[in-house]
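Student: Could we go through this structure slowly, with a reason given for each term that is used?

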Amino acid sequence: MRDRAPPALGLSARFRGRLGDFRLDVAFEAPDRGVTALFGPSGCGKTSVLRAIAGLERFAEGYFALGGDVWQEGAAFRPVHRRPIGYVFQEASLFPHLDVRANLDYGRRRALRGGARESTRFDDVVDLLGLSRLLARAPGALSGGERQRVALGRALLTQPRLLLMDEPLSALDRLAKEEIIPYLERLRDSLGLPTLYVSHDIGEVERLADHVVLMAAGRVAAAGPLGEIQSRPDLPLARMPEAAVTLAAEVVAHDPDYDLTTLAAHGARLIAPGAFGPPGSRRRVRIAAPDVALVRDPPRASSILNCPAARVIEAAPRGRGMMTVVLALGAEGEGARILARITRRSWDHLGLGPGQPVFAQIKGVALVSPSAPGEEG
Ligand SMILES: Nc1ncnc2c1ncn2[C@@H]1O[C@H](COP(=O)(O)OP(=O)(O)OP(=O)(O)O)[C@@H](O)[C@H]1O
């Protein structure tokens, strides 16, 4: 009998070993839905973890299970061709002699021949990724962003149970990135396919990830829901100059006269400029730490539209003169966490400390996903 608990229903990974001089020693769990970002600086081992999960790399010690299905444990090792994964790389490697339709169909036929059940249908993938106008084109006649959408479609049609994406946007310019991200968001929101997404771009992580595995030097520094990892002052995200927290919010109403939308986040109602869809639409908003000021009493007149009640949870010094303050929204601090970046002098003058009720003057509430996927082609 092994003295290990039965595998959790999510995704569970543990790899330990060497690649040349590099030592990898990681263990993490993630939900079996949504996007989990593997985030960390260049060379910290993100790609090696993906390759290990795909079965392309075999470390001295390894364990991997998804939804109770164990792919690797001890001497047991399921070979790469028997792992139900879709792999999307930095650069799409499409067959140049096949048109887009045949490229997409290639993955689908192979999976079905291998006995996979067709749970992701061709037409649905074409629709989801806006590929219908591209089907007759040769890969050489596609833009970089279009090629990546086709590569993604091909990966989805292999009927994977896990999608692995290794910096899929890093070879694209900014405009092409902006074009493709809404498709990735749509995929995340409509398929529910567990996805491991490697990136060292915090902007991509803020937009796409639900969960984050923060890596450094071959190890896992922390893992958890995005908002939790962003708002922990002991972790590097909260220490970055552009530290921010992304919150899940629901559209409550749009005021057409002023073109302002009211959103309900956990613990506060927030107002943001623009129209974000009908009431009930779920959106992500981003609040940057340097955009948040703290006041003890609600201001009587201010141009700042958002000043929700909050409680101070904790604070950490940033350099000699600044503080990063963690707040919980809501009069009792029952809501989501956000960060404020204030001077140490303000911290002292306001007599702030853990548990203190405050009002958070939020200068900017930005929608993280401003646009729906564009027209196809
Ligand atoms: N086959 C190998 N032999 C020796 N060293 C390797 C091998 N593969 C990767 N490495 C080293 O392992 C370390 C981790 O590489 P890895 O590609 O996993 O990092 P990463 O976080 O994905 O980096 P990047 O963001 O730059 O892609 C690097 O120092 C790399 O040089």
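Tutor: Let us begin with the ligand, whose shell divides by class into 3 nonpolar, 8 polar and 1 charged residues. This is a predicted model, in which local features need pLDDT of at least 70, side-chain atom pairs count only at pLDDT 80 or more, and totals for chains, interfaces and linings use all residues. Residues are numbered from 1 along each chain as its sequence is written.

Student: What makes a residue of the shell nonpolar, polar or charged?

Tutor: Ala, Val, Leu, Ile, Met, Phe, Trp, Tyr, Cys and Pro count as nonpolar, Asp, Glu, Lys and Arg as charged, and the others, Gly among them, as polar. The ligand is surrounded by residues including Leu 19, Phe 22, Cys 44, Lys 46 and His 200, and a residue belongs there if its C-beta atom, placed from the backbone, lies within 6 Å of the ligand.

Student: Which helix gives the largest share of that shell?

Tutor: Helix α1, residues 46-54, gives the largest share with 3 residues; helices are DSSP runs (H or I, at least four residues), numbered from the N terminus.

Student: Why are α4 and α5 called roughly parallel?

Tutor: The axes of helix α4 (residues 144-157) and helix α5 (residues 174-191) cross at roughly 25° and come within 9 Å. Angles under 35 degrees count as roughly parallel, and therefore α4 and α5 are roughly parallel to each other. Their contact includes Gly 144 and Arg 149 of α4 and Ala 176 and Tyr 183 of α5, where contact requires C-beta atoms, placed from the backbone, within 7 Å.

Student: How do you know that α2 and α4 are roughly parallel?

Tutor: Helix α2 (residues 100-113) and α4 pack at an angle of about 20°, with axes 7 Å apart, and α2 and α4 are therefore roughly parallel to each other as well. The residues of this contact, among them Leu 104 of α2 and Val 150 of α4, divide into 7 nonpolar, 3 polar and 2 charged.

Terms used: Helices (H or I, at least four residues) and strands (E, at least two) are DSSP runs, numbered from the N terminus. Axes are lines fitted to C-alpha atoms, for helices over the stretch in contact, and angles run from 0 to 180 degrees between N-to-C directions. Angles under 35 degrees count as roughly parallel, over 145 as roughly antiparallel, 65 to 115 as roughly perpendicular and the rest as oblique. Two residues are in contact if their C-beta atoms, placed from the backbone, lie within 7 Å.
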